[in-house]
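This report walks through a few features of the structure shown below, for a reader meeting it for the first time. It begins with one helix and then follows its contacts and ring pairs outward.

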Amino acid sequence: FFGMLIGMSPMMIGFSGFISAMGAGLGKEYGDKINPYNKWDWYDVLADFLGALAGSGLTALLASVF
């Protein structure tokens, strides 16, 4: 909604959501990596990617409809 207020296209809204979600997911994984009681997990990164893809796709779709 706010992206449309500043003139962003639905595709750009979805892309910025994807980048934001992946940044948060990778930041969490980095935190796991530097924690001595945890480790980096590629399956978590895959889950982050799939969730970011689904969320950004849905956001772009809704932005183009409304």
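In this predicted model, the buried residues of helix α2 are Ile13, Gly14, Phe18, Met22, Gly25, Glu29 and Asp32. An α-helix has 3.6 residues a turn, so residues three or four places apart point the same way. The helix that carries these buried positions covers residues 10-34, and its length can be checked against expectation: at 1.5 Å a residue, the 25 residues of α2 should span 36 Å, and the end C-alpha atoms are indeed 36 Å apart, which agrees.

One of the buried residues, Glu29, has a relative accessible area of 0%. Leaving aside residues up to four places away in sequence, Glu29 touches Lys39, Trp40, Asp41, Asp44 and Val45.

Another of the buried residues leads to the aromatic rings, of which the structure holds two pairs. In the pair formed by Phe18 and Phe49, the ring centres are 5.7 Å apart and the planes stand at 85°, so the arrangement is edge-to-face. Because Phe18 lies in helix α2 and Phe49 in helix α3, this pair ties together parts that are 31 residues apart in sequence. Trp40 and Trp42 form an aromatic pair that is likewise described as edge-to-face, with 5.4 Å from centre to centre and 65° between the planes.

How exposed or buried are the residues that carry these rings? The table gives the relative accessibility of each.

| Residue | Relative accessibility | Class |
|---|---|---|
| Phe18 | 18% | buried |
| Phe49 | 35% | partly exposed |
| Trp40 | 26% | partly exposed |
| Trp42 | 62% | exposed |

In the pair that links the two helices, then, Phe18 counts as buried because its relative accessibility of 18% falls under the 20% cut-off, whereas Phe49, at 35%, counts as partly exposed. In the tryptophan pair, Trp40 is partly exposed at 26%, while Trp42 is exposed with a relative accessible area of 62%. Trp40 is also among the residues that Glu29 touches.

A further residue to locate is Leu46, which has its place in helix α3, a helix made of residues 42-65. With a relative accessibility of 44%, Leu46 counts as partly exposed. The C-alpha atom of Leu46 is separated by 18 Å from that of Ser16, a residue 30 places away along the chain.

Note on methods:
Residues are numbered from 1 along each chain as its sequence is written. This is a predicted model: local features need pLDDT of at least 70, side-chain atom pairs count only at pLDDT 80 or more; totals for chains, interfaces and linings use all residues. Side-chain values use heavy atoms; hydrogens and water are left out. Helices (H or I, at least four residues) and strands (E, at least two) are DSSP runs, numbered from the N terminus. Buried means under 20% relative accessible area, exposed over 50%, partly exposed in between (1.4 Å probe, protein chains only). Contact means heavy atoms within 4.5 Å. Rings of Phe, Tyr and Trp (its six-membered ring) pair if their centres lie within 6.5 Å; planes under 30 degrees apart count as stacked, over 60 as edge-to-face and the rest as tilted. The expected span of a helix is 1.5 Å times one less than its number of residues.
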